[in-house]
Amino acid sequence: MSPSPSTLLWSITHNPIKILKAILSSALYLLLYAVLPFLLLSMAQGDPQIRSMLDMARSMVGIDVAGIATTIMILGVVLAIAVLVKGLTDKWSTTNLACEIASILLQLTILLTVLGAGDIGSFGLISKTVQAPGPSQPSFTIDMRFVALAMTAIAGANIILALATYADARRERARRFSPGDLLKRIFG
Amino acid sequence: MKTSTALKTIGYVLLVAQLLIIVGVGLGYLTMIQSLMSTVSPGGGTPVQYNGTIDETTGAFSGTLVISLRNPGMLEVAAHVSIKLNSEDGATLYQTSGDTRMAAGSSGTLELPLSVSGADVHRIDTVVLGLKLATLFDLLSFSVDIPIPAQMGGGPPE
């Protein structure tokens, strides 16, 4: 069951600490995945030496660093919104569960984007040939499949944990608002 | 133990596991970069030395390639070095490879035998040098293959 706007409003007006925590955690994700890549990319593009290196990486190796940073920034903004909504809603609501799962999957997508140098499908295995001028064209392989596999397994475990937390919160809510419990509260 | 407490504990365990992987990967790649840099530019001396002889009558050459590797990093490194001598049509005329494991802060040498017949010496078009470094229980690796045209000095000594 999703919270109605009035429930959300009640939550906002009655839980200032919860709101503050939600905003702070959302701001942290925004800083880490959107502001920081933006600043680093701006600094890199402002420096002619680094910019030429980035151009070389794109033309010779096929790694588009600016494209990777932009993807991370977009995913980072969506992730920050998901974290904010998750923080504002109660653990028993489906919105909270959906946002929790979305944030886990978005973080995994960001990680796989970085590990695959922009190619999520490579699953941590980067294999490139340097298109260098001249007869010699070296090739290199970076194998980080273990990291990709381990982080995917942890993301899967986190999703199961989120489902279990949701089920537990709903059970706890049902118990708290059961007729017997309400009578116990009223009459001691 | 309450269910919510147990779930929170599992959450913390998963978080610690994530952090351990991140730290392990960071240390692994730092070790590999340090190992690669100190092997490529060891700071005095060349990482590759060749000792061999050429048969004056047949033109064949045989000898040993000695490769010095260093691991100044914090984890053990497994190194694999390979050398391929290819002809113009892409056929492999000769190939050799060797492996060594270096503990943190140690160094190692690899001795690769080289032996090419006189007929094949003049067919060598490209020498492909391969280096693979693996660390963190061989779970992380970096490998590079560098083809060097024989005309650029990659061929056998004349």
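**Notes on a predicted two-chain model**

1. Let's start with one residue. Leu136(B) counts as buried, because it has 20 C-beta neighbours inside 10 Å, and 20 or more is what the label asks for. Keep in mind that this is a predicted model. Leu136(B) sits in the loop between β6 and β7 of chain B. Its phi is near 55 degrees, a positive value in a residue other than glycine. Here is some background on that: most residues other than glycine have a negative phi.

2. Now look at the strands on either side of that loop. Strand β6 (residues 124-135) of chain B and β7(B) pair in the antiparallel sense, with 10 bridges between them. To find your place in the ladder, look for Thr135(B), which stands opposite Leu140(B) in β7(B).

3. Zoom out, and where does this pair belong? Both strands are part of an open sheet of 6 strands, in the order β1(A)-β2(A)-β7(B)-β6(B)-β3(B)-β4(B), with antiparallel pairing. Notice that the list has strands from chain A as well as chain B. At the edges you'll find β1 (125-129) of chain A and β4 (92-102) of chain B, each of which pairs on one side only. From one strand to the next, the twist averages 10 degrees. A helix also packs on this sheet: α1(B) touches β3 (77-87), β6 and β7 of chain B, and its direction makes about 145 degrees with that of β6(B).

4. Which strand of chain A pairs with β7(B)? That's β2 (residues 139-143) of chain A, antiparallel over 5 bridges. One pair to pick out there is Asp143(A), whose bridge partner in β7(B) is Ser141(B).

5. The contact between the chains goes like this: 21 residues of chain B are in contact with 21 residues of chain A. On the chain B side, α1 (3-40) and β7 (140-149) each supply at least two of the residues that touch chain A. Sorted by class, that side of chain B has 14 nonpolar, 6 polar and 1 charged residues.

6. For the inside of the model, try the largest nonpolar core, which has 41 residues. Leu79(A) and Leu133(B) touch the most other members. If you skip its neighbours within four places in sequence, Leu133(B) is in contact with Met32(B), Ser35(B), Leu36(B), Val77(B), Ala79(B), Ser141(B) and Phe142(B). There's also a second, separate core of 5 residues, including Phe61(B), Val116(B), Val121(B) and Val127(B).

7. Chain B has another sheet to look at. This one is open too, with 3 strands in the order β1-β2-β5 and antiparallel pairing. β1 (48-54) and β5 (107-116) of chain B stand at the edges with a single partner strand each, so one side of each has no neighbour in the sheet. Here the twist averages 15 degrees from one strand to the next.

8. Within that sheet, β1(B) and strand β2 (residues 61-70) of chain B run antiparallel and are joined by 7 bridges. Two pairs help you follow the ladder: Thr53(B) has Ser62(B) as its bridge partner in β2(B), while Tyr50(B) stands opposite Leu65(B). The two strands form a hairpin with 6 residues between them, and Gly59(B) in the turn has a positive phi of about 85 degrees.

9. Over in chain A, there's a helix whose length you can check yourself. Helix α3 (residues 48-61) of chain A has 14 residues, which at 1.5 Å a residue should span 20 Å; the end C-alpha atoms are 19 Å apart, so the two agree. After α3(A) comes Gly62(A), with a positive phi near 85 degrees.

10. Phe123(A) is worth a click as well. Its phi is positive, about 50 degrees, although it is not a glycine. You'll find Phe123(A) in the loop between α5 (94-115) and β1 of chain A. Is Phe123(A) buried, exposed or partly exposed? It's partly exposed, because 15 other C-beta atoms lie within 10 Å.

11. Last stop: Thr165(A), in helix α6 (residues 145-176) of chain A. Thr165(A) is buried, with 21 other C-beta atoms within 10 Å. Leaving out neighbours within four places in sequence, Thr165(A) is in contact with Lys91(A) and Leu7(B). Thr165(A) and Gln107(A) are 58 residues apart along the chain, and their C-alpha atoms are separated by 19 Å.

Terms used:
Residues are numbered from 1 along each chain as its sequence is written. Chains are lettered from A and ligands numbered from 1 in the order in which they are written. This is a predicted model: local features need pLDDT of at least 70, side-chain atom pairs count only at pLDDT 80 or more; totals for chains, interfaces and linings use all residues. Two residues are in contact if their C-beta atoms, placed from the backbone, lie within 7 Å. Helices (H or I, at least four residues) and strands (E, at least two) are DSSP runs, numbered from the N terminus. Ala, Val, Leu, Ile, Met, Phe, Trp, Tyr, Cys and Pro count as nonpolar, Asp, Glu, Lys and Arg as charged, and the others, Gly among them, as polar. Two strands pair if DSSP finds at least two bridges between them. Axes are lines fitted to C-alpha atoms, for helices over the stretch in contact, and angles run from 0 to 180 degrees between N-to-C directions. The expected span of a helix is 1.5 Å times one less than its number of residues. A nonpolar core is a set of buried Ala, Val, Leu, Ile, Met, Phe, Trp, Tyr and Cys residues joined through C-beta atoms within 7 Å. A residue is buried if 20 or more other C-beta atoms lie within 10 Å of its own, exposed if 12 or fewer, and partly exposed in between; C-beta atoms are placed from the backbone.
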